[in-house]
Amino acid sequence: MKNNLTPRYLIILVILGWSFYTLWPTIKYQNLTNDEKELLREEGKLNRIESQIIRQGLDLKGGMYIELEADIPTLVKNLASNRNEKFDAVLNASVKKFKLNQSLDFFAVLRNEIEEKGLKIVRYFHEYGSNLNDIILSLEEETEDSINRVLEILQNRIDQFGVSEPTIQKKGKYRILVELAGI
């Protein structure tokens, strides 16, 4: 009976040894003081230790989770070259309808409101096209471009601070998800 258990004990011992070997850099890193980390950084050894440690994510280490949403109506309002009370009324009505039902596309709501009120949209967005379809398409492209620029700026600024494994990605059409572990 003892002979049958010996291979199992050896396998368990090997797995425990491998586990301890794998966890040792993490244990060593977590027990370092800030002065010791700085000393290792100056010697050039800290990068090697950091590459071997087990990274703790947002669920284990804690951190920051935030969703940013683009203010599309304000963007559309700022892109308009000429604004008057009629334009502001159509935009405000579109915003109210959009807030009542967030599942709708803002530009579809804006298009319907413009058509209902008979607003000559070319007057306000002449540089974006000569008809309603071209203007709405150009505004959608401008919105997507501005969200992509914000995403790139966020990535550059967060990378600048050396945050380990940040998650920065688009969520839906108008939102950006930011997860920073340990912050």
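# A guided tour, from Thr26 outwards

At 10% relative accessibility, Thr26 falls under the 20% cut-off, so Thr26 counts as buried. Select Thr26 to start; the model on screen is predicted.

**Stop 1: Thr26 and its partners**

Colour helix H1, residues 2-30, and you will find Thr26 inside that run. Now show the residues around Thr26. Which residues does Thr26 touch, not counting those up to four places away in sequence? Select Ile53 and Ile54: Thr26 touches both.

**Stop 2: the whole chain**

Zoom out and switch to a cartoon view. Count along the chain: the secondary structure comes to eight helices and three strands. From one end of the sequence to the other, the pattern reads α-α-α-α-β-α-α-α-α-β-β. The radius of gyration is 28 Å, well over the 16 Å that the globule rule gives for 183 residues, so the chain is more spread out than a compact globule. Draw a box along the principal axes. The C-alpha atoms fill roughly 90 × 50 × 25 Å.

Next, colour by burial. Of the 183 residues, 27% are buried. Then turn on the surface. About 13,000 Å² of the chain is accessible, and carbon and sulfur atoms hold 53% of that area. For a contact map, take the pairs with a separation of 6 or more: residues 24 or more positions apart account for 56% of those contacts. Finally, colour by charge. There are 25 positive and 27 negative side chains. The centres of the two sets lie 4 Å apart.

**Stop 3: Glu43**

Select helix H2, residues 34-43, and pick Glu43 within it. Is Glu43 buried, partly exposed or exposed? Its relative accessibility is 46%, which lies between the 20% and 50% cut-offs, so Glu43 counts as partly exposed. Add Arg83 to the selection and draw a C-alpha to C-alpha distance. Glu43 and Arg83 are 40 residues apart in sequence, yet 61 Å apart in space.

**Stop 4: Gln155**

Move to helix H8, residues 132-160, and select Gln155 there. Gln155 has 31% relative accessibility and therefore counts as partly exposed. Now pick Gly44 as well. The sequence gap between Gln155 and Gly44 is 111 residues, and their C-alpha atoms are 26 Å apart.

**Stop 5: Glu69**

Strand S1 covers residues 63-69, and Glu69 is found in it. With 45% relative accessibility, Glu69 is partly exposed. Which residues are in contact with Glu69, leaving aside neighbours within four places in sequence? Show Gln102, Tyr174 and Arg175 as sticks; these are the contacts of Glu69. Then add Leu177. Glu69 and Leu177 are separated by 108 residues in sequence and by 8.9 Å, C-alpha to C-alpha.

**Stop 6: Lys173**

Select the loop between strand S2 (167-171) and strand S3 (175-181); Lys173 lies there. Lys173 is exposed, because its relative accessibility of 53% is over the 50% cut-off. Leave aside neighbours within four places in sequence, and Lys173 is in contact with Asp105 and Ile147.

Keep Asp105 selected. How many residues apart in sequence are Lys173 and Asp105? The answer is 68, with the C-alpha atoms 9.1 Å apart in space. Now display the side chains of Lys173 and Asp105. A polar contact of 3.5 Å joins them. The tour ends on this pair.

Notes:
Residues are numbered from 1 along each chain as its sequence is written. This is a predicted model: local features need pLDDT of at least 70, side-chain atom pairs count only at pLDDT 80 or more; totals for chains, interfaces and linings use all residues. Side-chain values use heavy atoms; hydrogens and water are left out. Helices (H or I, at least four residues) and strands (E, at least two) are DSSP runs, numbered from the N terminus. The radius of gyration is taken over C-alpha atoms; the globule rule is 2.2 Å times the number of residues to the power 0.38. Buried means under 20% relative accessible area, exposed over 50%, partly exposed in between (1.4 Å probe, protein chains only). Contact means heavy atoms within 4.5 Å. Accessible areas come from the Shrake-Rupley method with a 1.4 Å probe; for residues, only the protein chains shown count as cover. Lys and Arg count as positive and Asp and Glu as negative; His and the chain ends are not counted. The place of a charge is taken as NZ of Lys, CZ of Arg, CG of Asp or CD of Glu. A polar contact is a pair of N or O atoms within 3.5 Å; within protein, one must be able to donate a hydrogen and the other to accept it, and residues adjacent in sequence count only if both atoms are side-chain atoms.
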